[in-house]
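Welcome! Please take a moment with the sequence and the model below, and then we can walk through a few places together.

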Amino acid sequence: MPLDELVIQLNTIRTRAQQLVSGLRPEQLTRRPDPARWSIAECVVHLNMNAADYLPLIAAAIEKAKRENVTGQGPFNPGWLGRFLINSMEPPPKRRFKAPEKIAYPVPVDDAQKLLGDFLKAQDELERLVKEAEGLDLEKVRIQSPYAWWMKLRLCAVFPFMLAHERRHLWQAERVKEQLASG
């Protein structure tokens with residue numbers, strides 16, 4: 001996927017997140033539609049936690065690739081595992097996955113309004129990294145998963161995987177918002 005397409009997707013994700021929380025009070029953001037399901041705020045916290053784990057790894061991999069002059073031009077192939085992960089994350093969910101233990105239980109939400117700001121900062125950093133990766137061989141640059149010791153993904157898979165994961169949980173949060181509005 002061309003890097004400029006990733007930036008377009010990031011902008012769409014930012015807009016969706018802003019629309020999602022617009023006009024909601026903190027108690028609406030933190031209300032669960034069901035005890036077994038996450039609130040809107042918990043969905044966003046989960047994405048913020050995921051970004052906090054992935055973004056430093058991506059930054060370090062890009063820095064190392066630049067130092068080692070690992071350059072290349074696309075199109076790049078995310079590989080079978082990358083394609084599987086990307087496709088499995090796209091909403092609506094076709095498969096349910098248990099979130100990695102480290103981010104399965106979002107921390108309590110102290111300041112629901114701060115969530116959007118933190119999310120948007122993570123999106124800005126992700127966009128910066130996407131742009132910084134321009135000219136690198138995104139098949140050769142590998143990222144060790146922060147959640148599975150055995151999984152190393154190509155950077156050309158990590159970027160679209162992260163965006164698909166964000167779309168999945170924004171979709172989930174939008175369903176929660178709809179349920180709370182009708183209930």
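Which residues line the largest cavity? Before we look, please keep in mind that this is a predicted model. The lining is made up of M1, L6, L138, L155, C156, F159 and P160. By type, the lining residues divide into seven nonpolar, no polar and no charged. Helix α7 gives the most to this lining, with four residues. As for how much room there is, about 30 Å³ of space lies in the largest cavity, and the structure holds one cavity of 30 Å³ or more. How can such a space be found at all? Rolling a probe the size of a water molecule over the atoms shows where empty space is left.

Let us stay with α7, which covers residues 155-182, and turn to its packing with another helix. Here α3 and α7 pack at an angle of about 170°, and their axes are 9 Å apart. Angles over 145 degrees count as roughly antiparallel, so α3 is roughly antiparallel to α7. Where these two helices make contact, the residues divide into 16 nonpolar, five polar and two charged.

Now follow the chain to the loop between α2 (26-30) and α3 (40-67), where you will find S39. Is S39 buried or exposed? Its relative accessible area is 1%, so S39 is buried, since buried means under 20%. Which residues does S39 touch, leaving aside its neighbours within four places in sequence? With those set aside, S39 is in contact with L29, T30, R31 and R32.

Definitions and conventions
Residues numbered from 1 in each chain as written. Predicted model: local features only at pLDDT ≥ 70, side-chain atom pairs only at ≥ 80, totals over all residues. Heavy atoms only, no water. Helix = DSSP H or I, 4+ residues; strand = E, 2+ residues; numbered from the N terminus. Buried < 20%, exposed > 50% of the residue type's maximum accessible area, 1.4 Å probe, protein only. Contact = heavy atoms within 4.5 Å. Axes fitted to C-alpha atoms, helices over the stretch in contact; angles between N-to-C directions. Parallel < 35°, antiparallel > 145°, perpendicular 65-115°, else oblique. Nonpolar A, V, L, I, M, F, W, Y, C, P; charged D, E, K, R; others polar. 1 Å grid on protein atoms, 1.4 Å probe; cavity = no way out; pocket = protein on both sides within 12 Å on 5 of 7 lines; lining within 4 Å. Points joined across faces, edges and corners; volume = space filled by probe spheres on them.
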